[in-house]
Amino acid sequence: MTDSQLLALSPILIVSATSVIVMLAIAIKRHHAFVASVSVAGLALALASIAAVWHASAAPRVITTLMVIDPFACFYMAIILIAALAATALSHTYLGRYQGHREEMYLLLLLATVGGMVMVASRHFTSFFLGLELLSMPMYGMAAYLVKERRSLEAGMKYLVLSAVASAFIVFGMALVYSQTGTMVFGEIGAKLAEIPDGERIVMLGAALLLIGLGFKLSLAPFHLWTPDVYQGAPAPVASFLGTASKIAVLALLLRYVIETHATRYAALVDALSLLAILSIVVGNVLALQQSNLKRLLAYSAIAHFGYMLVALIASGPLATEAVGIYLLTYSITTLAAFGVITLISSPLDHEVQALSDYRGLFWQHPGLAAILTLALLSLAGVPLTAGFLGKFYVLGAGVDKRQWLLLGAIVAGSAVGLYFYLRAMIQLYLRPAPATASASPEAPPLAAASSSSAAVSLPLHWARDAGGGTLIVLLLLMLALGVYPAPFIALAQDSGIAPQPSTPSLTGARR
């Protein structure tokens, strides 16, 4: 392997080395603060190395036939690392009150981050599946990390079983595609299909199975049933990572696959993607209307948002690629901020603060947290001058460019419905706390003022001084920057397109 290839792989190598160091540190002596600090340092160093790699990878760096490091991969690696950094800092605050083994959380998170980074750089079915499994398997343990909590174990089991089924669909789909094309390299699949029109039906069946498996990973309707339960049961920092980094990796890989195989030239596949987009938008927004639990509301909101992103993917072209990048960036920062507030006011020792009624009067106790959550909800709704508005504007632009009027209508209608339930959640923050009642449940979460068991946060006034609070402040600044001055971020997204790659010999060889 050449020096330039090692430099291109440096972000992945740094995170991998950090996971080994963390593993050894846990084996030698458990120390929560030390392990968390090493994890943050490794992730920060990997994020800093992205700049050097991006500059050196203006031309794609092909790493054997399995991976390619190009601006596209660098952009999505950077978003995954930002999400991992935020989740690590939030986990430090969240687990600081946990009575049990805490250090393994960081090891699992680092391994999942490596898997996501491998996925966004994949150009071959083998690296695609290895990255997917390396991303998914640690997530099972992370979701069930609170082993004494039934809700956490239930979330981990549901995610494990249904994810295994989705992986089976993906492997079978890969096998069908390979049986007709004789190659597993994305860029060669489209060319092979043009030479074997008789095998198109089998390849379409394989593509359908791949889409079903990836639809589960992205929580697209009708493969979304696991999402609200896992979001609700998993620890809040884990839900933040699951809702951002893991889905970013899958959607980035799907985008690369669609572009390099020229999949949008097949009308049947475009129709299937359009149906998934519309179903996700409708189901996500309609079911979110019925939620009184903030984490479940964010879960159904995620279903709708990935339906919006599918519209840009269907549109294809440079503007669509840019739109997906901008939307994923704004969605990730906003979702991390929302889950960050949940993390800071929750405790693994008691029930997490999830019910919307529990947030009543948050502004009167902690106005800073209420302001961050308000901005996050407005951004998810796509209100102008917020980060979310920029993402939706780009998706609408990509749809108009390709005249996808039906999909555009679904986005507009879904956004209108979404505005209602986001505002309904936001209003709770500014209502006066409800008076205490004699019949208040002793199991109520610790979100209450002295005079109210439903609206005060068991959180010190100096919450911004610890790792989780500092992370929330950074996320707030990023949300403001994306909404008010997005030009630098737009420039990064524009530079992250997929360029043609030089051909390399296939590991599998030609089909005999």
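User: Before we look around, what counts as a cavity and as a lining residue here?

Analyst: Happy to start there. On a 1 Å grid over the protein atoms alone, a cavity is a set of points where a 1.4 Å probe fits but cannot get out. As for the lining, its residues have an atom within 4 Å of a point.

User: Thanks! Which residues line the second largest cavity?

Analyst: Keep in mind that this is a predicted model. The cavity in question has a volume of about 70 Å³. Helix H8 (186–195) and H9 are the elements that give two or more residues to its lining, and H9 gives the most, with three residues. The full lining of the second largest cavity is Val177, Ile189, Leu193, Val203, Met204, Ala207, Tyr257, Thr261, Ala263, Tyr266 and Leu269.

User: How do the residues of that second lining divide by class?

Analyst: Thr261 is part of the lining of the second largest cavity, and Thr falls outside the residues that count as nonpolar or charged. The division for this lining is ten nonpolar, one polar and no charged.

User: Which helices give two or more residues to the lining of the largest cavity?

Analyst: The structure holds six cavities of 30 Å³ or more, and the largest has a volume of about 120 Å³. Its lining includes Phe125, Leu210, Leu254 and Leu273, and by class it has twelve nonpolar, no polar and no charged residues. The helices you want are H6 (125–143), H9 (200–217), H11 (236–260) and H12 (267–288).

User: On to the rings: is the pair of Trp54 and Phe75 stacked or edge-to-face?

Analyst: A search of the whole structure finds 18 aromatic pairs. For Trp54 and Phe75 the centres are 6.4 Å apart and the planes stand at 85°. Planes over 60 degrees apart meet the cut-off, so this pair is edge-to-face.

User: How many residues apart in sequence are the parts that this pair ties together?

Analyst: Trp54 and Phe75 are both buried, and ring pairs link them with Phe72 and Tyr76 into a cluster. Trp54 lies in helix H3 (residues 32–56) and Phe75 in helix H4 (residues 71–95), so the parts tied together are 21 residues apart.

User: What is the geometry class of the pair Phe421 and Tyr422?

Analyst: Both Phe421 and Tyr422 are buried. Their ring centres are 4.6 Å apart and their planes are at 50°, so the pair is tilted.

User: And which residue has its charged end over the ring of Trp364?

Analyst: A charge counts as over a ring when, among other conditions, it is within 6 Å of the ring centre. Here the charged end sits 3.7 Å from the centre of the Trp364 ring, and the residue is Arg432.

Definitions and conventions:
Residues numbered from 1 in each chain as written. Predicted model: local features only at pLDDT ≥ 70, side-chain atom pairs only at ≥ 80, totals over all residues. Heavy atoms only, no water. Phe/Tyr/Trp six-rings, centres within 6.5 Å; stacked < 30°, edge-to-face > 60°. Helix = DSSP H or I, 4+ residues; strand = E, 2+ residues; numbered from the N terminus. Buried < 20%, exposed > 50% of the residue type's maximum accessible area, 1.4 Å probe, protein only. Lys NZ or Arg CZ within 6 Å of the ring centre and 35° of its normal. 1 Å grid on protein atoms, 1.4 Å probe; cavity = no way out; pocket = protein on both sides within 12 Å on 5 of 7 lines; lining within 4 Å. Points joined across faces, edges and corners; volume = space filled by probe spheres on them.
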